[in-house]
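Colleague: I would like to learn how the labels in a structural description are earned. Could we go through a few of them, one at a time?

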Amino acid sequence: MVVATTTADRALSDPGIPSRSRSWPRLPATAGYLAALVIVTSIFSVLSDSARSKMVLHASTNLHNLLNGHVGTLFSSALVIGDVNAAWAIIPLLGCLLALAELRFGAVHVVRVFLAGHVGATLLVAAGLWIAIDVGWVPASIRWAEDVGVSYGAMALIGALVVAVPHRWRIAWATTWFMIASEGVLIERTFTSVGHLLSCCIGTAVGFGMIRANATSTRRLTRVESALLAVSVLLAAIMLMG
């Protein structure tokens, strides 16, 4: 069996590589995305409440923006966390999740999984809301709802981390997050909770696909990665239950 490995995998597992390289693998996707979030959040922190609300609505992937052709919001929405105080708490936790995923998948796969969850769940939720408005299940005002944040992409990565857990725990990992996300839908009954469930399912499907295609490392978690996994679980719990 041929198992694909990333540079980070080799740096963490190959004793022939200098210790500095093993300790500090390059994580370009993680660093770049976190830097963008920090910049945007810093800008938001100095804006007035009205200016902040305008920017959030402009970046939102709500039905009004999507139906008017503002497809750029599918990407800009992932750079905006509306609550500045929450953003400063979430960013370091998200950094741990991104770092772990990039160590296991590589930069390209991290971006693909994140976007698959963020964009895929957003479009599915938008389609559901469009139908719900048309049949009168939800008020038309939901077209202008604020819809920004990192949670859809993050939940996709949580689902995809099924590849990182030991083989005997993979079904339990996928089932547990599916049940927690489903419970959130039943309790909260918001389109965001539906998006969390959908993105988690998308990420889990991608994760199992990578396992089947041998497109990711199957080595055991290191101590650092285990710590990153624990923080990632905390982040997912906050997003689903917070």
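Colleague: What makes Glu225 and Arg104 a salt bridge?

Modeller: First, a caution about the source: this is a predicted model, in which local features need pLDDT of at least 70 and side-chain atom pairs count only at pLDDT 80 or more, while totals for chains, interfaces and linings use all residues. Residues are numbered from 1 along each chain as its sequence is written, and side-chain values use heavy atoms, with hydrogens and water left out. Now to the pair: a salt bridge is a side-chain nitrogen of Lys or Arg within 4 Å of a carboxyl oxygen of Asp or Glu, and the closest N and O atoms of Glu225 and Arg104 are 3.2 Å apart, so the definition is met.

Colleague: Which parts of the chain does the pair link?

Modeller: Glu225 belongs to helix α12 and Arg104 to helix α7 (residues 84–105), and the two residues are 121 residues apart. A helix here is a DSSP run (H or I, at least four residues), while a strand is a run of E of at least two, and both are numbered from the N terminus. A search of the whole structure finds 1 salt bridge.

Colleague: Why is the pair of Tyr33 and Phe114 called edge-to-face?

Modeller: Rings of Phe, Tyr and Trp (its six-membered ring) pair if their centres lie within 6.5 Å, and planes under 30 degrees apart count as stacked, over 60 as edge-to-face and the rest as tilted. The search of the whole structure finds 2 aromatic pairs. In the pair of Tyr33 and Phe114, the centres are 5.2 Å apart and the planes 65° apart, so both conditions are satisfied. Tyr33 lies in helix α3 and Phe114 in helix α8 (residues 107–135), so the pair ties together parts that are 81 residues apart in sequence.

Colleague: How do you know whether Tyr33 is buried or exposed?

Modeller: Buried means under 20% relative accessible area, exposed over 50%, and partly exposed in between (1.4 Å probe, protein chains only). Tyr33 has a relative accessible area of 14%, so Tyr33 is buried, and Phe114 counts as buried at 7%. Ala31, which lies in helix α3, counts as partly exposed because its relative accessibility is 47%.

Colleague: What makes Trp173 and Trp177 an aromatic pair?

Modeller: Their ring centres are 5.8 Å apart and their planes 70° apart, which is again edge-to-face. Both lie in helix α10 (residues 170–188), 4 residues apart, about one turn of the helix. Trp173 counts as buried at 12% relative accessibility, and Trp177 counts as buried at 6%.

Colleague: How do you know that the span of α10 agrees with what a helix should have?

Modeller: The expected span is 1.5 Å times one less than the number of residues. The 19 residues of α10 should therefore span 27 Å, and the end C-alpha atoms are 27 Å apart, which agrees.

Colleague: Why are the buried residues of α10 placed on the same side?

Modeller: The buried residues of α10 are Arg170, Trp173, Ala174, Trp177, Ala181, Ser182, Gly184 and Val185. They cover an arc of only 150° around the axis, which puts them on the same side of α10; the arc is that of the directions from the helix axis to the C-beta atoms. The face turned away from that buried side carries the exposed residues Ile171, Met179, Leu186 and Ile187.
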